[in-house]
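Before the terms used for a structure are accepted, it helps to ask what each of them rests on. Please look at the sequence and the structure shown here with that in mind.

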Amino acid sequence: MNNRRRFLNDLTTGIGSIALGSLLTSDRATASRPVIDPANPYAPRPTHYPGKAKNVIVVFCAGGVSQLETWDYKPELIRQDGKPLVGGPAVTFQGPAGELARPQYKFRPHGETGKMVSDMIPHLAELTDEFAFIHSLTSKSNTHGPAENFLSTGFVEDGFPSNGGWVTYALGSENQNLPAFVAIPDPRGVPQASVNNWGPGFLPAEFQGTPFSSKNPIRHLAPPSQISTAADRAAREHLHRMNHEHMERHPADGQLAARIASYELAARMQLSVPEISDLSTETAQTLKMYGADDTSNPIKAAYAKNCILARRLIESGVRFVQLFNGAYASGGELNWDGHGKLKEQYDRHADIMDQPTAAMIRDMQARGLLEDTLVVWCTEFGRMPMFQKGAKGRDHNPDGFTCWMTGAGVRRGVSHGVTDELGQKAIEDIHPLYDLNATILHLLGLDHEQLTFEHNGVQRRLTNVEGHRITEVLA
């Protein structure tokens, strides 16, 4: 009897091992690790299949923009203004829940689609026929830092590669004189999760985003004043010869090759970054269109200049640009985290974000850049339909919020996904943020299931073990 039991137990274990081995072999067979030359890590690399987009701009509004004050029109919320949410939570993220609160701005129909959009963002509202809205996104966290991590890296924990890191790891760049991935922080500061949003995680370090802005260019880029241009050039040329002679003697040293490539890119950036950051070459008309000449609002003018910088980077072939609007948690003073006085704060934040962002899209459209560029507007989560008790603001809501995209490969003028009648939870075509990242990769010609990197024996990817393309927003 014992022998028979042991035989059956061993047989079951053996079949399970065979099945697991088959699955692991299948995963490895479908995984696609880019072939990267350490001496030229940013060289352009092929896609998995033809993609519609070559470049990406992600406009990341930090703090959790309220879908109810922007894109997700809910007439029922207007009708139930001031009433308690029947069956709703007594306590939300930051404390007791108050009564339901109508949108703090009037909504009007816009464009041929008649899309209802808030008066808070009149410039972007004029472009709604160009956007594909996804109203049913969900997050895994209701805390800013982990939620930013989840949006940018696919994981709430620290230590994972950012979406821009994955893209540049897979595709390299079309410009060898500028970073492949640039993060442009808001004039008011960095977001809550800071460098996690543009970090390389466990990918090679060269795929980290390079942070700089129109206000704060890359530091220590220029040589000391006492060194002449000729002497600086001669030193670089001599170092170049020495490095490559050393590489010829040690051709298998990939780390050395990567280090040399990094320093040589830094040297080329001494010329290219000041040139691309010099907005004096922009016309007065362009500066006015973006709001970069607004002397009454220096934060808006600085953000507008960041939008121009983002467009110039894309024009120069930079693969991935992450443009931040809003900084770290500050009671909503420096970002979209409207807990206590949402209307007052959103009046200021919308004035900074609306005109420059809309102008960037119009400008790129006029220059033909949207034929190859995907633009994504996103935030880490949304807000609750009720005010917080004793306050005039909304608490965090990861269960249903809105992002949109436009540009290469995007179906224009569509609204996909639905939240409930009060805008609290996604109820139709629910999409975790994995799906948004899978769709971005797809538009670049990358299969999110094939783009992997082995870390600690696990084939990791941006979408973890989840994610589906949102086909309804694809052209």
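The questions and answers below set values from this predicted model against the criteria behind the terms.

Q: Why is the contact between glutamate 69 and arginine 394 called a salt bridge?
A: The term requires a side-chain nitrogen of Lys or Arg within 4 Å of a carboxyl oxygen of Asp or Glu; the side chains of glutamate 69 and arginine 394 meet with an N to O distance of 2.9 Å, and the pair therefore qualifies. The structure holds 22 salt bridges.

Q: What makes this pair a link between distant parts of the chain?
A: Glutamate 69 lies in the loop between strand S1 (55–61) and helix H2 (75–79), whereas arginine 394 belongs to strand S12 (residues 394–397), and the two are 325 residues apart.

Q: How do you know whether glutamate 69 and arginine 394 are buried or exposed?
A: Buried means under 20% relative accessible area; glutamate 69 has a value of 0% and is therefore buried, and arginine 394, with a relative accessible area of 0%, is buried as well.

Q: Why does the pair of glutamate 174 and arginine 319 count as a salt bridge, and which parts does the pair tie together?
A: The closest N and O atoms are 3.5 Å apart, which is within 4 Å, so the criterion is met. Glutamate 174 lies in the loop between helix H5 (163–171) and strand S7 (181–184), and arginine 319 in the loop between helix H9 (298–315) and strand S9 (320–325), so that parts 145 residues apart in sequence are tied together. Arginine 319 has 5% relative accessibility and therefore counts as buried.

Q: What makes glutamate 282 and arginine 311 part of a network?
A: Their side chains meet in a salt bridge of 2.7 Å, N to O, and both residues are buried. Salt bridges that share partners join Glu282, Arg311, Arg312, Glu315, Asp363 and Arg367 into one network.

Q: What is the extent of the largest nonpolar core, and which helix gives the most to this core?
A: The largest nonpolar core has 104 residues, and those with the most contacts inside it are Ile57, Leu124, Leu313, Met360, Leu374 and Met405. Helix H10 (residues 342–366) gives the most, with 10 residues. A second, separate core of eight residues includes Leu85, Ala97, Leu100 and Met386.

Q: Which residues does isoleucine 57 touch?
A: Leaving aside residues up to four places away in sequence, isoleucine 57 touches Ala310, Ile314, Val321, Met360, Met364, Thr373, Leu374, Val375 and Val376.

Q: How do you know that strands S4 and S5 pair, and in which sense?
A: Pairing requires at least two bridges; strand S4 (residues 107–110) and strand S5 (residues 115–118) are joined over four bridges in the antiparallel sense, so the requirement is met. Histidine 110 has lysine 115 in S5 as its bridge partner. The two strands form a hairpin with four residues between them, and glycine 111 in the turn has a positive phi of about 70 degrees.

Q: Why are S2 and S12 described as standing at the edges of their sheet?
A: The open sheet has four strands in the order S2-S3-S11-S12, with antiparallel pairing. Strand S2 (91–92) and S12 each have a single partner strand, so one side of each is left without a neighbour in the sheet. Two bridges join S2 to strand S3 (residues 95–100), and within that pairing valine 91 has proline 96 in S3 as its bridge partner.

Technical notes
Residues numbered from 1 in each chain as written. Predicted model: local features only at pLDDT ≥ 70, side-chain atom pairs only at ≥ 80, totals over all residues. Heavy atoms only, no water. Core = buried A, V, L, I, M, F, W, Y, C linked by side-chain atoms within 4.5 Å. Buried < 20%, exposed > 50% of the residue type's maximum accessible area, 1.4 Å probe, protein only. Contact = heavy atoms within 4.5 Å.
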